Amino acid sequence: MELLGIFRDVESAAGAVERLVREGFTEAQITSLTSSPYPDGVLVKTDQRSWFRWFTLACGFAGAGAGFLLAAGTAWLYPVRTGDKPIIAFYPTGIVTYELTMLFFLVGTIVGMFLEMRLPPRGKRLYAPEISEGCIGIGITIHAGGEAVACGEGLKPGECVGGIAVLPADEQKRRAEEIMKEAGALRMVTEATL
Amino acid sequence: MEKMTSPYRWGMVVDLDRCTGCGACVVACQAENNVGICGKREIAEGRDMHWLRIERFWVGEYPNVRVRFLPVLCQHCHDAPCEPVCPVYASYHNPEGLNGQVYNRCVGTRYCGNNCPYAVRVFNFYSHEWPKPLDNQLSPDITVRPRGVMEKCTFCIQRIRRAREDAEGEGRKIRDGEVQPACAQTCPTEALVFGNLADPRSRAARLSRSPRGFRLLEHLGTHPSITYLKGGGREHV
Amino acid sequence: MKRRTFLQLGTMTAAASWLSGCRSANEKLIPYLTPPDEGVTPGMAVYYASSCRFCPAGCGILVRVSEGRAKKIEGNPAHPLNRGKLCARGQAVVQELYHPDRVTQPLKRSGPRGSGQFTRISWEEGLALLTEQLGKLQRERATDRLALVTPPLRGTLAELAAGFMRSFGSPRHLSYELLGPDWLRTAARRSFGQPSLPYYDIAETRYLLSFGADFVEYHLSPVQYGFAFGRMRQGRDTVRGHFTYVGGRMSLTAASADRWMAARPGSEGMLALGIARLILAESLFDAGSLTANGLRADDLLRRLEAYDLDRVAHLSGLRQDVIAEVAREFATTRPALAMAGEPVAFQTNGPDAVRAVQLLNVLVGNLNRPGGIYPDAGETTGPEDSFAELLSLVDRMLGDRISVVMVHGDPVHAVPPATGFQEALARVPFIASFSSLLDDTALQADLVLPDHAALESWGDVIPLAGTREPVIGLMQPVVTPLYDTRQFPEVLMATARGLGGTMAAAFPYQSYLEMLKSSIKKRVGPAGGGDFEVVWVDLLRQGGLFKANNGQGKSLRWAAGATLPDPGEPRFAGDEKQFPLHLQVYPSTAFLDGRGAPLPWLQQLPDPMTTVVWDSWVELNPETAVWLGISFGDLVEVTSPQGSLRLPAVIYPGIRPDTVAIPLGQGHHGGGRYAKGRGANPLALVALMGINREPQPAWNATMVRVTRISEKGELVTAGNPQGSYRSELIEI
Amino acid sequence: MKLSWLIGALAVVAVALFVVLAWMYILPMDLRDRSPVQPIAFSHKVHAGTNGIQCLFCHSSASKSPVASIPAVAECRACHLFIAPDAPEIKKLMGYWDRKEPIPWVRVYSLPDFVYFPHMMHVRAGLGCARCHGVVATMDRITRSVKLKMGWCLDCHRKHKASIDCWTCHI
Amino acid sequence: MSEISDQTGRTIPTGPTSSTTKSATQLNDELLSSLRTPTWKWYGLALFLGAVVAWGLAAFSYQMYTDMSVTGLDRPVMWGVYIVNFVFWIGLSHSGTMVSAILRLCQANWRRPILRAAETMTVFTVAVGGLFPLIHLGRNWVFFYLIPYPNQRGLWPNFRSALLWDATAIFTYIIGSSLFLYLGMLPDLAVARDRASGWRLKLYTVLAMGWRGTAREWVVFQKASTLMAALIIPVAVSVHSIVAWDFAVTVIPGWHSTIFPPYFVIGAIHSGVAAVITLMIIIRKAFHLEEYLTPLHFDNMGKLQLVIALLWSYAYFVEVQTTWYAHEPIEWEVYGFMAHKYTFILLLMLVGNAILPIICLCFKRLRRSIPVMLVITLLINVGMFIERFLIIVPSLSHKNMPFVWGTYRPTWVEISVTAGAFAGFALMYTLFAKTFPMVATTDVREYETQKRLVPVGRTRLPSLAGKE
């Protein structure tokens, strides 16, 4: 279950986040929807680590292989008899390998980025067009109620559930809505539109 | 040339002391190889199709003026600048040391033509026509090149091929002098000598070792298959 | 959708790859109706031996024929003259066969002369027209009103033509060719007592001194002499023959020389005598030779006193030390050989200048020696003064004493208008031409009876010169005739039959082939033995009759009582003030006197010296050009007392500043699409010399002036004019 | 909804790409009739199959010339003067002979003119005719059984260690 | 107008424009103004450009239908205006992406309004440039021989050829720069999506890929942007190095030169930066972005241009003086021929590329004058076109064999195709500008947010300093 509050400005949105956290929602449950980026911590704190660059690197290796195969492999598999001259050319293979490595790096970056962002999404999600006009959306993911409070050392923020999680989901939602309204939310979005 | 995979390495010797510049080779080449007939306009535009040309240079001033003739045809370089630049292998090196050109593969980038320091590659800017019945003269052994491809001297590969077929049929190698390109065949002064350079006893190989020998634009490191023998002219008997 | 439509609509890519590959889908495969001859394998070329009759040299050729089409002409290695080599012109002859503008059947003129309007007629009609004209002359008992104009003929064709004219009763057979070696024969007769042409053993000589003998381009037997020249240069292990060329213009031959002596036009003979005098004075001569030729050194020296170095240097415009050096080199290098050629001969002092050069050969003793000069073993017969015959024919034509002219060849283009030939020909009521192209002469003709192309013809070709053994080359048709044409001799025979009576009786042969065979049979003699048919096939296969050396009997010797050559100072047409420049007219390397102009390969062949293509030009020394304000490619007007021409200028460093030169060969009004309207014919400028005295074919004795017209010469050269001076960039 | 659009579009692109690639793979196209109707219903099945006439008997220059050659009309006639002279197709043949016309056979196997294919070298190498021409002895009307594509030639040349120098076949 | 320095030492203006902050909607309105319904002027322009493109296409079709003889090419000069165009366009493409990437990496804030214009330019100039090698083929219809793909011929292209390196590099570059453009545009597409309707909505919805702007998305996005920027720079350098290798790896006097790759790259950036400035001026005018593209931007770009002009002059000097010093006959012949035959355009090039920009761009007043900048940048590109011409044509005209020297003069066909290319680029640009946000809205707004000043002690500091 998700909930999205729309705020006019950063200050009120940040206030809402603060209150939500105080209420017992974890940072991992809260996200901000903005049309221009804010440094981490201005609104919410998120996990700054990302893995897509490993994916990029893997793609780069694949690209190097592809480039080498394209330049050297085809020449070797489909040789043109070139009068006692070497079939595979050294420098050109390097150049083609380089270019294809870069190509795969670039494509890998974009693909990896989208994979990590999980875009495009599989279903519809909460959104409000005002966000593009400078409004700030504060989204909160509400877990099914009754789960144990567990936010220990060995857990990643995503796995950690705040103290409020023991309450039933509806109750969580009500409270969150209330907090956001208090903080100055213009409206609440509960229906997935995007 | 690390290892020889062919018993032949074709080459030519051009004796500039014998060459009189008469032009017989030029016509022989054109006749043998279906080279297009270029009108005045085409040549005025610099689109002459001759595969073999005789360059004429004036040296000195009247009355001590001299003329140098230099027959220039494809040098069949062993490190040919035209070969690596062709993106489609239309220009390639043949196991017999020839610099090949495959017309139907050519896409017409003209890169080889630019990179040939000898400017012996000619491009079919026009689709050449042979008004009937002049087309009867076209040799069936060679493709009539379409427009948009590069063409050049092949050392009359069709003759070499036929000689090889004959020799293979008889289970022997091609004999020295058995095959000659049209230009060497017709040269009245025998200034052009063609032969197998891999056979050190062939006439061409012997002549190519002459102390008079030099290669055209040798400093470029193209290692041509054609050896020029210095022309006389200034020295006396 | 039909398949075919689909093919037409095919994508661009596919369509284009078809274009470059095969043009249509499922083309037809046409087999023979009957199996081809023995020895002919489909898909494999066959070589037929024949002979080239394009120029008088008469080389042996092999024609590659594939699927019934002549593909390429190569030299016949078995032929003693050219040994498998061939010149540019000879190889282009295949284009004469396949020329797109050939006359495909007899034509009758339907418009005014020169308009090119003709009606196609059948051979029956054509022959009937000719026979009717000739019959009329016979009936009117005016058989001498028939004239036959041909180039000099040799062999069976000469017999046939002579027989035809003799039996018809007309002595007016003119065998004229602009470049005919009449004067060489004349000179030989005056010096050696026999009119034979010389055979120069260039291959074995060590010092070659050529006075305008352009043996690389056209002189006597270019392929044979070219071959010999190669031998002379690099064919021997230790000796490299030296070559000095004397002439006002650096010809293609001169370009191969080690030394070029730009002697003033007309002074060559005097220069030769100057050299002779120096050799005599310094006792460098071959005493044995002088004795053998009945000459005495002191006597000679005394009589050549006038040609002292000072005067000769002044006359020729050369430096004394150079002349002396050449003289000493020539005399001290044995064997040494002196030759004389057309630019020397076509002067008012031509024959004597040629004799002066031959005297040099006598002095250094190289008559009948290896590396020297021999009498040619070929036929000695030939016109010695065809020019006089030409002028007399012109006279008769102008006097309306000629009613029918039969012309083979293209004299309208190749005879200088100064002789009045063209004008006179126009007065002749009936002209029959045998040209296979509508050349300048055929355009004037009333009737065109097209000859076969050379590769469709039978014939024998006797080389003009250049052998020590008599040689008869044979021509055989290598392809079936393309069109409804007939060979010239066949037409003559058919006409004779048509005229009946004694004429028909003069030719008892069914065909020219039969006559040719009987004539060859006579020449083979009993030596051939056995069945002549077998011998004949052998001869055809070989390319001709190449006899073993039996020309040893003949030799050259200074004739007793022969006068000493006395060239005297040359005379020139045109006032020197008004016309300050000498005009030299020379046969183009590609076209000769113009017969090569219809062939596109030759048009496209860059002139070796100027690299000009598809055009004619005038050559000017750079100095002269600066003086006249002319630059490369400008359109200039060349004016002589005879006329004027406009053509582009070529700056030519290898010509005397007081001389300009124009190549022959272009300026056709007809001759097919490739020759028509291209360039200019310099013969229009040439003046006739010696009108009051004995007229002379002194084609190089005209003076001209040159003026600049505009910069639009539309000159096209294969080589870059600036780059042609930059040989240092390629280090040659 | 938009995801399905995306997937649909991608699928279309993929299919188009595949078609284009497949088309490009086989370029240049050969759309000539594989089994054209001939002017005379000559049956190789009868001649080569039933009667067992050797290929080289009729296509005699295949062993000595680049082209295999088709027998001249006179050669066909020579046999058929005695064999089945009354059959309607033979009558047609005789008709050609009487009119002195060659028979306009339709080409089945043809290579573009930039390809040089010497029959004699292949016959000399002991390659059976059927290798390229199919089992002609079973065909009434000749059908082209192979595509005559460059890759196909190259494969065979590689397999048999024949020259794969470009100039072996092209010029 | 006062200025203060931010943390990274760059100056940021604190003029009147920045003190009053606009609302996001206002910003969006202004920055996305290009997406509004076109006016008749726009249609007129598009129609005109379309007509020129059609004319160019017609000229090309004519060339394909007849043969290459309709060009001015001949035996020694086998490459002409088409290849000049190729090098020119690929060169232009450089600054777009590269300038944008470098500035992004340096976090130069003034980059923000011009990013999109520059990146778009890259994509379209590469697209146009990449066409020229195909246009110039003698047999365009067998272009597929150049593509490495499995085929029935059993034959692959020759990777020894610099043209194949070109092909791979350009392919990489066009894909890379398109992705780079797309990546930068992703948040803007979301903004556009939220304000669009009809077909635009559908288009932007698909292209925005469901972007919502969550904090996590922004984190990944910014990392990806940085990584892309870092990766695209070596590609850009390699592309023009390879274009230079087309010439440098040959044996042609005047081409065979080791300085070529850096020289080409510098030249490319030179023309590219100039083109970016030209485009900035045009966009500024066309979309009324005077507030976002301030003289400051031109000042900064002018400084960049000045540095590159100096670099270019240095590279040119190095190239000429080494040739002059060695005085190799044929090389010197080529120079002599060029200076003699093409004196006027050579001088024009030197003035346009070096003298004029170096002199003018030293002065702040001139750098900030938009008409002056327009003239200078246009002249630079004229100069760079000439420079490419003077590299390609004279070298080929006077190659090693003096006997076959020649000349070259483009024909109407080549000129038409060139005109078509320019119009094609402009047309694509125009269409793109009407379809996609032409100014990096998000980036500008991010900066607007960052530069909001808050009072600290006696001064005012940006509310949000740049990250890191």
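Trainee: How far apart are the nearest C-alpha atoms of chain A and chain C?
Mentor: Good place to start! This is a predicted model, where local features need pLDDT of at least 70, side-chain atom pairs count only at pLDDT 80 or more, and totals for chains, interfaces and linings use all residues. Residues are numbered from 1 along each chain as its sequence is written, chains are lettered from A in the order in which they are written, and side-chain values use heavy atoms, leaving out hydrogens and water. Chain A and chain C do not touch, contact being heavy atoms within 4.5 Å. Their nearest C-alpha atoms are separated by 22 Å.

Trainee: Which chains have the most contacts among the 9 pairs that touch?
Mentor: This contact draws 67 residues from chain B and 84 residues from chain C. Among the 9 touching pairs, the most contacts are between chains B and C.

Trainee: How many salt bridges does the rule find across the interface of chain B and chain C?
Mentor: The rule asks for a side-chain nitrogen of Lys or Arg within 4 Å of a carboxyl oxygen of Asp or Glu. One of them joins Asp17(B) and Arg240(C), at 2.5 Å from N to O. Across this interface, the number found is 7.

Trainee: And which element gives the largest share of the side of chain B that touches chain C?
Mentor: Helices (H or I, at least four residues) and strands (E, at least two) are DSSP runs, numbered from the N terminus. Elements supplying at least two residues each include β2 (53-59) and α5 (157-169) of chain B. The largest share, 7 residues, comes from α1(B).
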